[in-house]
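Dear colleague,

I am handing over the structure we spoke about, with the sequence alongside, and my notes on what was found in it follow below. Please read them with the model open.

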Amino acid sequence: MTLKPGVIGDTKAGRAACSAVVGLQWGDEGKGKFVDLLAAEHDAVVRYNGGANAGHSVVVRGERYSLHLVPSGILYPGKMAVIGNGVVVDPWKLVEELDGLTKRGVDVSGLSCSSRAHVVLAYHKMEDALREDLLKKRMGEAGAGAATDIGTTRRGIGPAYADKAQRAGAVRMGDLLRPEALEEKVGLAVAMKGPALAALAKTLGAPSEPLSAPDLIRGAREIGQRLAPMIKDTTHLLHDLLGAGKRVLFEGANGSLLDVDHGTYPYVTGSTCISAGIGSGTGVPASRVGRILGIMKAYSTRVGAGPFPTELKDAIGDGIRQRGREFGTTTGRPRRVGWLDLVAVKYSVMINGATGVALTMLDVLAGMDEIKVCTGYRINGQVTNRFCPDAFELSRIEPVFVTLPGFKEDISKARKLTDLPTNARRYVDSIVENIGVPADLVSVGPDREQTIEGKA
Ligand code: IMP
């Protein structure tokens, strides 16, 4: 798609030096497509949170790319792609992804990774999986009412962030290039974690291999050598770019409702997914970001456990899942599906400071007689439009729905708002009225071309 200058990257206030794309729901909102579109007007694309738990799908000229760690901007020749210090990096997954892209002819030489990003090692993944299995076992034993497993991606994300906060033995990307630091840190981590992991595996009757510090150190050194040219101080790199008048796009991973502080804790990921994470996750103050585009799907999905007030456990939900291909990019798990929750989206717009939204997957709702949207929560007989991120409370609310007429027409070829059937436009308008920020863009299919510019 050749974008008209000014359509995608500009704010009313002018051309912002920095823009951000953030997910307003529980992830999988279709961020990859918009990062890819906005990348056209930026010089660098930067990841600030999460790790290989994320899965961004981008379709370019009919070819689908699934990215997990590499910023989606890599698909534009000549753009810089940066993995900030707030990301937890599984270096083996990163190399696998880079090799896959190179094989498909993508130039990956523009990638830099912060030397201060923390490394996900094999024991983080073991810990993640064992803890999840333990929660499952306890739930099985205690029955209803017990804490459930989180349903993590088992990519070691939570344990890697926990080690970062805990400090002793935590390995950063720069350490992969310093043999003494690596020996000291991995040695300490193995001494601390080895016995605990072995005991946990025994409790669960799971097979366990003892952790070998020398093997872990050797593997980490080897992968470090492979990635050495891209490991650097990305904070100064980004400030140098901004100083030279370049434009930077920040790519949020996961989703606002999975944010470790502001999401539906404990059913969240380990990082700051909202725009506030840009400052801590890259060293560029979030105040420099002029445009924050929130990505929201025309319905809701969630992978893993946790409260989901508008969930559809029926044929309507199954139909949306099939038409929307709602199966995880990272784990392949079927996603839970529900009606659009505007109480939740409005909250996410608020905590991100979103300047506008991109509405995705509207085409998936075609063919339905009616469409429901949740505009309030009933709690103890009272209706509120305030989201409650506390998982315990959220699991007890009753959603209040408004029913809107559906639309039958295939809208995947619509390219202007006026191409949309009246009821589809009415749906978009009612979303905008509720959330209080404009729909800058509406997406009616995965391709770059299947994008409608919203009302200014
Ligand atoms: P973790 O990030 O692997 O620790 O998983 C924590 C929770 O976040 C689980 O419910 C995951 O399914 C969910 N999650 C993490 N990343 C994503 C994502 O990119 N999309 C959707 N769900 C995610």
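D28 belongs to the loop that connects strand 1 (18-23) with helix 1 (31-39), and, this being a predicted model, its backbone geometry deserves to be looked at directly: phi of D28 is near 60°, which is a positive value in a residue other than glycine. The side chain of D28 also takes part in the surroundings of the ligand, where one of its N or O atoms is 3.2 Å from a nitrogen atom of the ligand.

Two further side chains can be described in the same manner. In N53, a side-chain N or O atom is 2.8 Å from an oxygen atom of the ligand, while in R333 a polar side-chain atom lies 3.1 Å from a ligand oxygen atom. Of the 470 Å² of accessible area that the ligand has on its own, the protein covers 96%.

As for where the ligand is placed, the ligand sits in the largest pocket. There are 16 residues around the ligand, of which N53, T153, N254, T269 and V303 come nearest; sorted by class, this shell consists of six nonpolar, eight polar and two charged residues.

Turning to the sheet, you will find 10 strands that form an open sheet with mixed pairing, in the order 9-7-5-2-10-1-11-15-19-20. Strand 9 (231-232) and strand 20 (451-453) stand at its edges and have a single partner strand each, so that one side of each is left without a neighbour in the sheet. Within the sheet, strand 11 (residues 289-297) and strand 15 (residues 356-360) run parallel and are joined by five bridges, and along this pair L293 of strand 11 stands opposite G356 in strand 15.

One last backbone feature should be checked by eye. The peptide bond that joins Y265 and P266 is cis, with omega about 5°, and P266 is found in the loop between strand 10 (248-251) and helix 8 (277-282).

With best regards

Methods:
Residues are numbered from 1 along each chain as its sequence is written. This is a predicted model: local features need pLDDT of at least 70, side-chain atom pairs count only at pLDDT 80 or more; totals for chains, interfaces and linings use all residues. Side-chain values use heavy atoms; hydrogens and water are left out. A residue is near a molecule or strand if one of its heavy atoms lies within 4 Å of it. A polar contact is a pair of N or O atoms within 3.5 Å; within protein, one must be able to donate a hydrogen and the other to accept it, and residues adjacent in sequence count only if both atoms are side-chain atoms. Accessible areas come from the Shrake-Rupley method with a 1.4 Å probe; for residues, only the protein chains shown count as cover. On a 1 Å grid over the protein atoms alone, a cavity is a set of points where a 1.4 Å probe fits but cannot get out, and a pocket is an open set with protein on both sides within 12 Å along at least five of seven lines; lining residues have an atom within 4 Å of a point. A molecule sits in a cavity or pocket if more than half of its atoms lie within 2 Å of its grid points. Ala, Val, Leu, Ile, Met, Phe, Trp, Tyr, Cys and Pro count as nonpolar, Asp, Glu, Lys and Arg as charged, and the others, Gly among them, as polar. Two strands pair if DSSP finds at least two bridges between them. Helices (H or I, at least four residues) and strands (E, at least two) are DSSP runs, numbered from the N terminus.
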